[in-house]
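I am opening a notebook page on a single protein, and I want to write down what I look up in the order in which I look it up.

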Amino acid sequence: MTAPTVRTVDVHAHVLLPEVDALVAGLPGLAEARALEARRNGTASLAVNGPMVAERIPKLTDVTVRLAAMDAQGVDVQLVSPSPSLYHYWADEETAEKVYRLANEAAAAHCAQAPDRLRGLGLVPLQHPQQAVRALEHALEQGLSGVEISSHAPGRELSDPSYEPFWARAAATGAILFLHPFGCTLDERLDRWYLSNSVGQPTENAVALSHLIFSGVLDRHPELKLIAAHGGGYLPTHIGRSDHAWQSRSDAGAGCAHLPSSYLRRIHFDSLVHDPQVLRALIAAVGADRVLLGSDFPFDMGTEDPVGALRAARLTEADFHAVRGANAAALLRKD
């Protein structure tokens, strides 16, 4: 595929859905969830977050503003996922169903305003595994490409056997699963200097992916289309320790059939690692064909110039264009 035929595709971009916020406003459990978020982030970070998000509301909600920003970035297509603040994994079953239905429908409506440039993802309530398949199917029925999931739900890791039907259905349908953490269970240890995000997010990515690898989920469902945000966190560039444990200890190797590093070739990773050397290391670990352009549009922990960040890694022309868009185009292509 030559460079001019490759559309630039950003797989890590977000949308805010005011309908969902209105739905859960004042419900029991929301205040407790907000208190947990405050404790994990700390007051100084929350004081920055509010104005930062408010400034970006137009880009998060207005398709015309979004498209203008994409043009400025040189991005042709975005894979748009709900802001992780909309997971609401505290919700009971009845509320959770209302949340995922409204979120799926609203995300689809947002993307439908520019169908040639926007592809969308919905949500599933991981706190209620029995609803996950139904939520996934609802998202696909809206014309979405898949769903976004966090690194865990309260009391459940992604290795929990109750998610098996969800993984199976996602694999069977070819749905994209975008793994994007929200909140880190290290809690107050990260409540200063925005460590809750700068350290917490890549930690959560690494933990979640390790659960999927070591539990055998990727053995049982090799066709899963899984994209890990933030370059998969710490795992891809530190996978040697996982390999050593798998080879050296019977408990570490009990759940998966192959060397942990081999599973990196079954996962896709976005390019949002904020360092050209780390991006090169990620590509060396997983292969250039498994990395996709990601910006975290339009939040401050993203990049305003995702293509420029990719160029800074000084990849070969073939690898540059693969990451810039060819890999994502193949993943998003409908059979």
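The entries below go from the whole chain to the sheet, then to the cores and the aromatic rings.

**Entry 1: the whole protein**

I began by noting that this is a predicted model, and I kept that in mind for each value that I wrote down. I then looked up the secondary structure, and I found 15 helices and 10 strands in the protein. For the overall dimensions, I noted that the C-alpha atoms fill a box of roughly 50 × 50 × 45 Å along the principal axes.

Next I asked myself what radius of gyration the protein has, and what a compact globule with 335 residues would have. The protein has 19 Å, and because a compact globule of 335 residues would have a radius near 20 Å, the value agrees with that expectation.

I also looked up how much of the chain is covered, and I found that buried residues make up 53% of the 335 residues. The accessible surface comes to about 14,300 Å², and 54% of this surface belongs to carbon and sulfur atoms. Of the contacts with a separation of 6 or more, 77% are between residues 24 or more positions apart.

**Entry 2: the sheet**

In which order do the 8 strands of the open sheet follow one another? I wrote down β1-β2-β3-β4-β7-β8-β9-β10, and I noted that the pairing is parallel. The edges are taken by β1 (9–15) and β10 (291–292), each of which has a single partner strand, so one side of each is left without a neighbour in the sheet.

I then followed the pairing from β1 onwards. Strand β2 (residues 77–82) is joined to β1 by 5 bridges, and the two run parallel; here I found Val15 opposite Pro82 in β2. From β2 to β3 there are 3 bridges, again between strands that run parallel, and Val80 stands opposite Gly120 in β3. Between β3 and strand β4 (residues 146–149) I found 3 bridges in the parallel sense, with Glu148 in β4 as the bridge partner of Leu123.

I stopped at strand β3 (residues 118–123) to ask how many of its 6 residues are buried. The number is 5, so this strand is largely enclosed by the rest of the structure.

**Entry 3: the nonpolar cores**

The largest nonpolar core has 73 residues, and those with the most contacts inside it are Ile149, Phe166, Trp167 and Leu209. Helix α6 (residues 93–112) gives the largest share of this core, with 7 residues.

I chose Leu209 and looked up its contacts, leaving aside its neighbours within four places in sequence. The partners of Leu209 are Leu179, Leu226, Ala228, Gly232, Leu235, Ile267 and Phe269. Apart from the largest core lies another one, of 13 residues, and I noted Val9, Ile227, Leu292 and Ala328 among them.

**Entry 4: the aromatic rings**

Last, I looked for aromatic pairs, and the structure holds 4 of them. Tyr87 and Tyr89 form a stacked pair, with 4.9 Å centre to centre and 10° between the planes, and both of these residues are buried. Tyr163 and Trp167 form an edge-to-face pair, with 6.3 Å centre to centre and 65° between the planes, and I found that both Tyr163 and Trp167 are buried.

Which residue joins Tyr87 and Tyr89 in one aromatic cluster? I found that it is Phe182.

Terms used: Residues numbered from 1 in each chain as written. Predicted model: local features only at pLDDT ≥ 70, side-chain atom pairs only at ≥ 80, totals over all residues. Heavy atoms only, no water. Phe/Tyr/Trp six-rings, centres within 6.5 Å; stacked < 30°, edge-to-face > 60°. Buried < 20%, exposed > 50% of the residue type's maximum accessible area, 1.4 Å probe, protein only. Core = buried A, V, L, I, M, F, W, Y, C linked by side-chain atoms within 4.5 Å. Helix = DSSP H or I, 4+ residues; strand = E, 2+ residues; numbered from the N terminus. Contact = heavy atoms within 4.5 Å. Rg over C-alpha atoms; globule rule 2.2 N^0.38 Å. Areas by Shrake-Rupley, 256 points an atom, 1.4 Å probe, with all protein chains shown as cover. Pairing = 2+ DSSP bridges.
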